[in-house]
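Open the model in your viewer and keep the selection box handy. Each stop below gives something to select and tells you what is there.

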Amino acid sequence: MPQQKNHSYDVIVVGSGASGGWACKRLAEAGLKVALLEAGRLQSDRNFTEHKPAFELKYRNRAPEIVRKTRPIQVKFGVCNEYTFNWFVNDLEEPYTTPADKPFDWMGRLRVTGGRTNVWGRVSLRFSDWDFKAASFDGHGENWPLGYKDIEPYYDLVEKYVGITGSAEGLEHLPDGQFQPPVPLTCQETFFRNRVKEKLGRTVMPARSANLTKPINGRGPCHFCGPCERGCMTHSYFNSAFTTVADALNTGNCTLLSNAMVHKVLMDPDRNRARGILYIDRNTHHAREIYARTVILCAQTQESVRILLNSATPQHSNGLANSSGVLGHYLTAHVRSGGGSGEFPAFGARPSLGGPSKPLGIYIARFRNLQNAPPYKKFLRGFGYEGESSAEFNWKAPGFGEAYKKALLEPRTSIGITGFGEVLPRWDNFVELDPSVKDIYGIPVLKIHMSDGENERAMIQDMSDSAGEMLEAAGAKNIRTYAHPSAPRWALHEAGIARMGADPNKSVLNQFQQTHDIKNLFVMDASGFTSNPCQNPTLTIMALCVRSCDYLMSELKRNAI
Ligand SMILES: Cc1cc2nc3c(=O)[nH]c(=O)nc-3n(C[C@H](O)[C@H](O)[C@H](O)COP(=O)(O)OP(=O)(O)OC[C@H]3O[C@@H](n4cnc5c(N)ncnc54)[C@H](O)[C@@H]3O)c2cc1C
Ligand code: SF4
């Protein structure tokens with residue numbers, strides 16, 4: 001029998017990542033009593049190793065097969081390595097399943113305070129009405145139940161706190177924000193930017209990224225040491241563990257329960273209300289209950305929906321908040337398997353070992369299917385590119401002795417770009433519970449069904465072709481392009497399986513991420529995205545979350561919840 005606790009909170013927040021951190025900060029700073037349930041362990045500056053050389057590690061960070069033994073999926077993305085592996089889920093203990101013909105790599109499953117923001121790539125871009133109202137422009141899918149003006153003040157608020165470096169470019173479809181000074185482009189990147197604008201009219205800009213160039217709130221500016229995914233002792237990139245969660249805890253109104261693996265939302269047997277959470281203590285495997293007036297799920301898209309599906313009751317037999325039958329459907333991520341690279345003149349750049357390493361590069365704004373231009377014939381929506389220049393030693397130089405040493409120092413300078421494209425929401429991309437598999441805590445796991453459609457395949461090919469076109473326009477040499485199928489998918493931007501909408505028959509959440517069915521139950525991560533535009537999602541996750549928290553507080557004030 002679960003052990004009963006007498007604690008009662010105003011709000012329970014599940015998950016301490018990008019969304020959960022903001023929910024706790026916003027609500028605790030307003031005076032609400034918040035319980036933060038986080039499946040992972042505590043994060044601390046002591047775990048950060050961004051300055052630790054590989055030769056100090058047992059396996060010199062050269063033995064992925066050791067990490068692969070417990071994390072065969074997580075290790076596929078390089079940020080899970082000998083430095084960081086114990087921040088990630090043990091894939092054997094917490095599996096998921098897929099149909100044999102639809103492989104899906106669910107990477108970036110963190111189990112530590114801060115969630116994915118410990119290791120994220122930090123690219124932070126606004127959506128525009130061209131995204132929120134895309135269905136009105138091209139007829140596919142549904143519009144979001146909110147528009148740019150609704151979220152704009154929250155983008156401002158979040159950007160000022162998080163600290164986003166970037167340049168104003170005046171693009172209507174990629175709105176400018178409250179930027180810190182941009183990190184300057186390298187000479188190669190500037191050359192590429194100018195040539196691409198001049199010859200093709202496309203916009204290449206310094207990446208908009210959550211790395212500080214000016215100090216804020218006791219956090220220091222980035223000193224370009226490079227491997228942000230190992231943590232940052234100066235707190236120069238945004239990780240909710242040392243920003244939003246720390247602020248929430250400092251109020252004295254927020255209690256963090258680590259190693260609390262949430263199994264289900266508990267419903268009041270007499271009323272249509274959530275009354276709390278059943279979770280498993282990961283250390284003891286004991287079940288525990290905790291109660292609150294409101295429950296907010298922020299556990300990451302698939303994890304939150306797994307909790308809702310596992311919370312079925314006789315009254316809600318196909319999962320909580322699922323009267324529409326839509327829960328779990330319309331899974332989207334990004335396709336990022338097309339791009340290219342080419343060599344550029346060195347412009348005096350010299351390779352170095354252990355020199356300053358810029359942790360961000362360039363972003364190329366979407367240029368397909370925009371307003372005031374004819375629709376692109378091959379696919380709907382669009383993609384942007386992330387990329388960077390590099391200057392490497394010429395390790396492959398031929399010869400021996402003096403000649404080799406000289407040739408080695410001749411820099412190999414190149415630019416590489418990778419497309420990030422929108423995946424159209426489709427009913428047949430979905431998650432469900434696998435009735436035959438449980439994790440080591442006894443919680444049923446997800447079965448994920450996801451594959452590319454025609455639109456994605458055509459987009460990936462264009463990512464490759466357009467990369468070649470831009471590199472050529474900029475005069476690159478030895479251009480190499482690629483277009484791979486995107487399954488197993490690895491874009492890490494999953495969204496949309498508890499979609500927002502105005503119509504409760506076709507959606508799970510309203511525009512404030514409140515479930516249509518249960519007024520005191522919210523899902524404030526990317527589950528609610530009605531579509532998944534090509535811009536990286538996290539800035540919008542955070543802005544939406546703050547907006548929804550403000551709505552929640554106004555509803556609590558007028559006793560409407
Ligand atoms: C390598 C990598 C690079 C990325 N790069 C970018 C980028 O450049 N730009 C961008 O916008 N986005 C990027 N992302 C995505 C970004 O990190 C996520 O969009 C964002 O962190 C999602 O926030 P979230 O709150 O939904 O989930 P998370 O930040 O993942 O937090 C979820 C938390 O919930 C906890 N949790 C899960 N299940 C349970 C449970 N049952 N009970 C209790 N707790 C639970 C987890 O332990 C975790 O701490 C990247 C992600 C990765 C992994
Ligand atoms: S590169 Fe900058 S943000 Fe990244 S770990 Fe180093 S100091 Fe921190």
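Select the buried residues of helix H6, then show what covers them. The cover includes strand E5 (204-206), strand E12 (362-364), strand E13 (383-392), strand E14 (412-422) and helix H10 (454-473). Keep in mind that this is a predicted model.

Which residues of H6 are buried? Pick Gln188, Glu189, Phe192 and Val196. Look down the helix axis: these residues cover an arc of only 95°, which puts them on the same side of H6.

Now select the whole helix, residues 187-200. H6 has 14 residues, and at 1.5 Å a residue they should span 20 Å. Its end C-alpha atoms are 20 Å apart, so the span agrees. Step off the end of H6 and you land on glycine 201. Its phi is positive, near 75°.

Go back to Phe192 and show its contacts. Leaving out residues up to four places away in sequence, phenylalanine 192 touches Val204, Phe344, Ile362, Ile364, Ile415, Ile417, Met470, Leu471 and Ala474.

Next, widen the selection to the largest nonpolar core. The core holds 133 residues. Which of them touch the most other members? They are Phe192 and Ile277. Select helix H11, residues 538-557, to see where the largest share of this core comes from: twelve residues. Apart from this core lies another one, of eight residues. Among its members are Leu171, Leu174, Met205 and Cys534. As a general point, nonpolar side chains tend to be buried together in soluble globular proteins.

Stay with H11 and move into the segment after it. Asparagine 559 is there. Its phi is near 55°, a positive value in a residue other than glycine. Most residues other than glycine have a negative phi. Is asparagine 559 buried or exposed? Its relative accessible area is 62%, over the 50% cut-off, so asparagine 559 counts as exposed.

Now select tyrosine 330. Look for it in the loop between helix H8 (301-310) and strand E10 (334-335). Tyrosine 330 also has a positive phi without being a glycine, near 70°. Its relative accessible area is 19%. That is under the 20% cut-off, so tyrosine 330 counts as buried.

The next pick is threonine 49. Find it in the loop between strand E2 (34-37) and helix H2 (64-68). Threonine 49 counts as buried, at 14% relative accessibility. What does threonine 49 contact, its neighbours within four places in sequence aside? Show Tyr83 and Arg230.

Finally, zoom out and colour by secondary structure. The protein has eleven helices and 18 strands. Its radius of gyration is 23 Å, close to the 24 Å that the globule rule gives for 561 residues, so the protein is as compact as a globular protein of that length. Turn the C-alpha trace along its principal axes: the spans are about 80 × 55 × 50 Å.

Switch on the surface. The protein exposes about 22,400 Å², and carbon and sulfur atoms supply 52% of that area. Of the 561 residues, 59% count as buried. Last, draw the contacts between residues at least 6 apart in sequence: 72% of them join residues at least 24 apart.

Key
Residues numbered from 1 in each chain as written. Chains lettered and ligands numbered in written order. Heavy atoms only, no water. Helix = DSSP H or I, 4+ residues; strand = E, 2+ residues; numbered from the N terminus. Expected span 1.5 Å × (residues − 1). Buried < 20%, exposed > 50% of the residue type's maximum accessible area, 1.4 Å probe, protein only. Arc of directions from axis to C-beta. Contact = heavy atoms within 4.5 Å. Rg over C-alpha atoms; globule rule 2.2 N^0.38 Å. Areas by Shrake-Rupley, 256 points an atom, 1.4 Å probe, with all protein chains shown as cover. Core = buried A, V, L, I, M, F, W, Y, C linked by side-chain atoms within 4.5 Å.
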